[in-house]
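Open the model in your viewer and keep the selection tool at hand. The tour goes from one helix pair to its neighbours, then out to the chain interface.

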Amino acid sequence: MSSDSEKPSADVKPEEKTSPPAKKPEEKPVDLPAFEKGISDKIVEKFGDKVEVAFVKQDRVGINVGRENVHDVAEFIRDGLNYDHVESVSGVDYPQDKEIEVVYHIGSYTDSSLASQILVLSTRAQREENPIPGNDATKLPTLRDVFYSVEFHEREVFEMFGVYFEGHPDNRRLLLPEDWADLPPLRKDFAIKGR
Amino acid sequence: MTTELPPGLALQKVDERIMTLNVGPQHPGSGHMRIIVQIDGDYIVACDPDPGYVHRGEEKMAEYRNYITNIPHLERPVIHDSCNILYPYVLGVEEIVGIEVPERAKYVRVIASELNRCIYTMYWLAIYGIFLGHSTMFMWPAGDRELLIDLMEKMTGARVTHAHFVPGGVRNDLPPNFEDVCLRQVNYFEKRIKEYAAVFYDNPILISRTRDTGILSRQDAIRLGTTGSVLRASGVDYDLRIKEPYDVYDELDVHTNVMKEGDSYARSRVPWLDMMESCNIIRQALQKMPKSGSVRTKLKPNPKGKGLNSVYKRVESGRGSLGCYIVSDGKTEPYRLKMSVGSFRNLIALPYLLKGEKLGNMPSVYWSLNYWPVEADR
């Protein structure tokens, strides 16, 4: 990755230390985002205006999808683009939009050209003011049949945000106490006591 | 196990041969986690891990504190590996706030991170030893850890929870003469851990309890999304220090330890090999480090993010990839913080590894996952 020419100068003079951090941001936007742009172009080419490219940064591509297309897009990401596992599934609560965003961070072990890439696939579910987890409109299709590795992550999002994943075989509690009867705790309207 | 029943029937017919056994949450063989195992005679037929016993809501707490005051409590999930668990958060905040790090601070971070990885792995190894009834392997690592803990104490002032990494660099510069002491201690440490091979890794008792138990194939390791030593023991060459180098790892010569077997023995051996690799990295970093200069770019007292944006940063910790997803809405505290930790990702493999094993092999298989219960709960 790095150029070997910097090595001998690194331990000699203190003035030169400011230059290496300044070099890196210059080099990378020139070569690297072309590869990431290629990934996002392939998805846009396949799905057209059903997907929206949120950002293309170094090593990161962000894609926004509607809840009705998320399963198809995920299948294309696995079969067409060689991504093979999900690193993380996060929920983000947006009460002002009345929506909860679920973000999948998808990576690849098998394809060495994708080793440093993370594809950020986000979709949004409708948010209820008075949630009844599992029995309200806050639902999304599960991706467990596409990426097996989301199993525990989706269980966590279900208990922390109340997003029910349709088709997930095991929507049980994972981290919270068995007798938890309050709001899903990572929603914004759940306040910590004393704050 | 259970037979087919019409839907809605509350009672389930239970096979009388199957016994359900709760291991934990305060059993020494489980850590702070409950493992519900169903056994038929001596064999495990099903297993259901139940984490959450020490869940403390770090992610929720982070939404109430600003970017700097988040640091001391975010390292609590793994206090032995506190530098590594802060690492992705600090990298993320640096990108959100838009701040550069001095070159010397990057090397100090790498040294601290590698020392912490060894401190964590030694603790894990000590518990692995005592799980298998091997008292020597409990006492030796527990004693040899002290060498490195002393080094970290010299560097940061704290023995366990260092809170050393801050956005923009590290909190303090290295003390005078640290390089020489560090090099001497690390050389001795490496010589010392090589002796573990004779007493532990070549020990017929360890081999008989870990060889060919809990086999995770390469394909399954990828499909289940495991990470760290579990993944590398199954033959996948994936280490973020090489694949996505952060700070100065791309200027150092890092080697990945990969084993093909995918059994408990390979999973227990890879972290030990990684410790020797850490010693190599520390020696290289000490040599290449700029001898003087600033170690911290000063931040404004209450840094703010730039508009609504998000970052996902990841580093390689002792337990695998450690990701931090920060959503910022332009305020002084994160809008949402999610930690994707190696322990939680590896836990998914436990039911597969234990199915068909003998109950007596449960501790050796379970702890070979390099699992830290408190980290998985966060």
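**First stop: an antiparallel pair**

Select H4(B) and H12(B): these helices are roughly antiparallel to each other. This is a predicted model. H4 covers residues 103-131 of chain B, and H12 covers residues 264-288 of chain B. Their packing angle is about 155°, and the axes lie 9 Å apart. The angle exceeds 145 degrees, so the pair counts as roughly antiparallel. H4(B) passes H12(B) in a left-handed crossing.

Now show side chains. On H4(B), the contact includes B:Tyr107, B:Val110, B:Ile111, B:Glu114, B:Leu115 and B:Cys118, as well as B:Trp124 and B:Tyr128. On H12(B), pick residues including B:Arg267, B:Pro271, B:Met275, B:Ile281, B:Ile282 and B:Lys288. Colour the contact residues by class: 15 are nonpolar, four polar and four charged.

**Second stop: H6(B)**

Keep H4(B) and add H6, residues 178-194 of chain B. These two pack at about 30°, with axes 13 Å apart. That angle makes H4(B) roughly parallel to H6(B). The crossing of the two is left-handed.

Which residues make this contact? From H4(B), select B:Arg104, B:Leu115, B:Cys118 and B:Met122. From H6(B), select B:Glu179, B:Val186, B:Phe189 and B:Ile193. The contact has six nonpolar residues, no polar ones and two charged. B:Leu115, B:Cys118 and B:Met122 also belong to the contact of H4(B) with H12(B).

**Third stop: H3(B)**

Next, select H3, residues 82-97 of chain B, with H4(B) still shown. The angle here is about 145°, and the axes are 8 Å apart. H3(B) contributes B:Ser82, B:Cys83, B:Asn84, B:Tyr87, B:Val90, B:Leu91 and B:Glu94. H4(B) answers with B:Arg109, B:Val110, B:Ala112, B:Ser113, B:Asn116 and B:Arg117. By class, that gives six nonpolar, four polar and three charged residues. B:Val110 and B:Arg117 appear in the contact with H12(B) too.

**Last stop: the chain interface**

Clear the helices and display both chains. The contact takes 61 residues from chain B and 58 residues from chain A. Together the chains bury about 4900 Å², with 53% of it on carbon and sulfur atoms. Which three residues supply more than any other three of the area that chain B buries? Select B:Lys60, B:Tyr312 and B:Tyr335: they supply 13% of the area that chain B buries against chain A.

How many salt bridges link the chains? The count is eight. To see a salt bridge, zoom in on A:Lys188 and B:Glu63, whose side chains meet at 3.1 Å, N to O.

Note on methods:
Residues are numbered from 1 along each chain as its sequence is written. Chains are lettered from A and ligands numbered from 1 in the order in which they are written. This is a predicted model: local features need pLDDT of at least 70, side-chain atom pairs count only at pLDDT 80 or more; totals for chains, interfaces and linings use all residues. Side-chain values use heavy atoms; hydrogens and water are left out. Axes are lines fitted to C-alpha atoms, for helices over the stretch in contact, and angles run from 0 to 180 degrees between N-to-C directions. Helices (H or I, at least four residues) and strands (E, at least two) are DSSP runs, numbered from the N terminus. Angles under 35 degrees count as roughly parallel, over 145 as roughly antiparallel, 65 to 115 as roughly perpendicular and the rest as oblique. A crossing is left-handed if the near helix is turned anticlockwise from the far one by less than a right angle, and right-handed if clockwise. Contact means heavy atoms within 4.5 Å. Ala, Val, Leu, Ile, Met, Phe, Trp, Tyr, Cys and Pro count as nonpolar, Asp, Glu, Lys and Arg as charged, and the others, Gly among them, as polar. Buried area is the accessible area (1.4 Å probe) that two parts lose on being put together, summed over both. A salt bridge is a side-chain nitrogen of Lys or Arg within 4 Å of a carboxyl oxygen of Asp or Glu.
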